[in-house]
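Q: Please take a close look at the pockets of this model and at the helices that border them. I would like one connected account rather than a list.

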Amino acid sequence: MITRLRAENFKSWKDTGELRLAPLTGLFGTNSSGKTSLIQILLMLDRTVDSADPNRVLDLGDDRSSINLGTFSDVIHGHRNDAPLNLSLSWDEPESLPRIKFFTGKQLRFDASITEKAKIMQVAQFVYSFGHYRFGMIARVDGTYGLVHDGYVLDVPKDWVALPAPIKCYDFPQEAVEAYPDVGFLRQFAFSLERNFLSLRHLGPLRQSPQRSYLWAGNRPFGVGRDGETAIQALIAGISERSALEPQVARWLKELRLIDSFRLQSIATNRGDYEVRVKSTSKSAEVLITDVGFGVSQILPVLVLCYYVPEGSTVILEQPEIHLHPSVQSGLADVLIDVVNNRK
């Protein structure tokens with residue numbers, strides 16, 4: 001779990017300061033106060049980890065992704081291209097790092113400084129640290145890189161060429177491991193960082209309107225989509241796997257007093273079309289989800305995501321309370337507490 005976050009020169013933030021991230025963290029503030037920017041730091045790193053291009057220092061997204069941050073100039077505070085973007089995060093490392101025998105404690109920290117030269121992003125340096133140990137890479141004047149160990153830059157052995165640029169903004173190139181056999185464990189730090197983002201799921205601030213029917217092709221979605229567009233497909237997949245997902249969602253919809261009952265119904269045999277049918281009260285007629293209050297369809301992706309993701313995931317919810325009555329908003333807090341306590 002990521003426990004601390006900091007960024008310098010990111011969008012409206014000259015310096016976010018040290019942000020402690022708890023098992024349940026809420027961001028509150030006025031419009032355009034920088035809340036979304038804090039979330040975008042994590043989504044940007046998530047995109048970067050997921051990128052198939054090892055030379056892409058940071059993936060700033062596009063119109064098809066959860067973020068679209070534009071260019072480095074758009075991201076950097078004050079649009080000053082001469083300023084570095086500094087990123088820092090810490091996380092709990094519950095898994096052992098077997099090749100790092102001197103690894104003590106469960107906290108790892110990552111710091112990176114990223115600059116732009118001739119409109120090309122490059123890593124000025126990055127460092128992993130725990131206790132008094134420090135391992136990383138730093139750019140040299142000649143455009144090559146040196147390996148950092150406990151704050152000192154190591155010289156490359158004479159029979160090896162100078163080290164190339166890091167992989168993305170956080171990983172050591174294979175040449176670094178080959179040049180220094182004693183530090184063959186270096187890439188385990190990057191694997192540890194990546195695990196934090198491989199388990200990250202995000203739901204955007206605006207959810208898709210309800211539909212009269214939904215098509216499921218037999219797949220298991222990664223999440224519920226940026227706009228909640230695959231929430232019903234995730235729910236159907238959970239039912240096919242005989243998970244407790246549907247009962248949990250139905251229970252909370254009833255406890256929040258939004259509806260009395262909720263079920264998914266296949267429209268026809270051997271077809272992948274489904275309807276979501278609900279009853280507002282025990283005495284009401286059963287109707288499609290499109291025929292009840294809009295709030296039901298808006299909170300449904302939140303509930304599905306919270307109980308669909310694997311235990312120990314990181315879930316980012318933007319405006320989870322949108323279109324909900326204040327009494328339901330307070331009940332949603334109970335949902336989040338239950339997820340933290342029972343699903344980690």
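A: What follows describes the pockets, the helix pair that borders them, and then the enclosed cavity.

The model is a predicted one, and its largest pocket has a volume of about 1700 Å³. Lining this pocket are 50 residues, among which Pro23, Leu24, Thr25, Val315 and Ile316 lie nearest the centre. Two or more lining residues come from each of strand E1 (2-10), strand E3 (19-20), H1, strand E4 (85-92), H4, strand E15 (314-317) and helix H8 (326-343). Of these contributors, H8 gives the most to the lining of the largest pocket, with seven residues. By class, the lining of the largest pocket divides into 27 nonpolar, twelve polar and eleven charged residues.

The second largest pocket holds about 520 Å³ of space. It is lined by 20 residues, and those closest to its centre are Asp46, Ser66, Leu200, His202 and Phe222. Here the elements that supply two or more residues to the lining are H1, H4 and strand E10 (200-203), and H1 gives the most, with five residues. The lining of the second largest pocket is made up of seven nonpolar, six polar and seven charged residues.

H1 and H4 thus appear in the lining of the largest pocket as well as in that of the second largest pocket, and the geometry of this pair can be described in turn. The axes of helix H1 (residues 35-50) and helix H4 (residues 187-198) come within 9 Å and cross at roughly 115 degrees, which means that H1 is roughly perpendicular to H4. The crossing of these two helices, H1 and H4, is left-handed.

Apart from the open pockets, the structure holds one cavity of 30 Å³ or more, and about 110 Å³ of space lies in the largest cavity. The lining of the largest cavity comprises 14 residues, with Gln208, Tyr214, Gly228, Ser297 and Pro301 nearest its centre. Helix H5 (231-240) and helix H7 (294-308) each supply at least two residues of that lining, and H7 gives the most, with three residues. Seven nonpolar, four polar and three charged residues make up the lining of the largest cavity.

Technical notes. Residues numbered from 1 in each chain as written. Predicted model: local features only at pLDDT ≥ 70, side-chain atom pairs only at ≥ 80, totals over all residues. Heavy atoms only, no water. 1 Å grid on protein atoms, 1.4 Å probe; cavity = no way out; pocket = protein on both sides within 12 Å on 5 of 7 lines; lining within 4 Å. Points joined across faces, edges and corners; volume = space filled by probe spheres on them. Helix = DSSP H or I, 4+ residues; strand = E, 2+ residues; numbered from the N terminus. Nonpolar A, V, L, I, M, F, W, Y, C, P; charged D, E, K, R; others polar. Axes fitted to C-alpha atoms, helices over the stretch in contact; angles between N-to-C directions. Parallel < 35°, antiparallel > 145°, perpendicular 65-115°, else oblique. Left-handed = near helix turned anticlockwise from the far one by under 90°.
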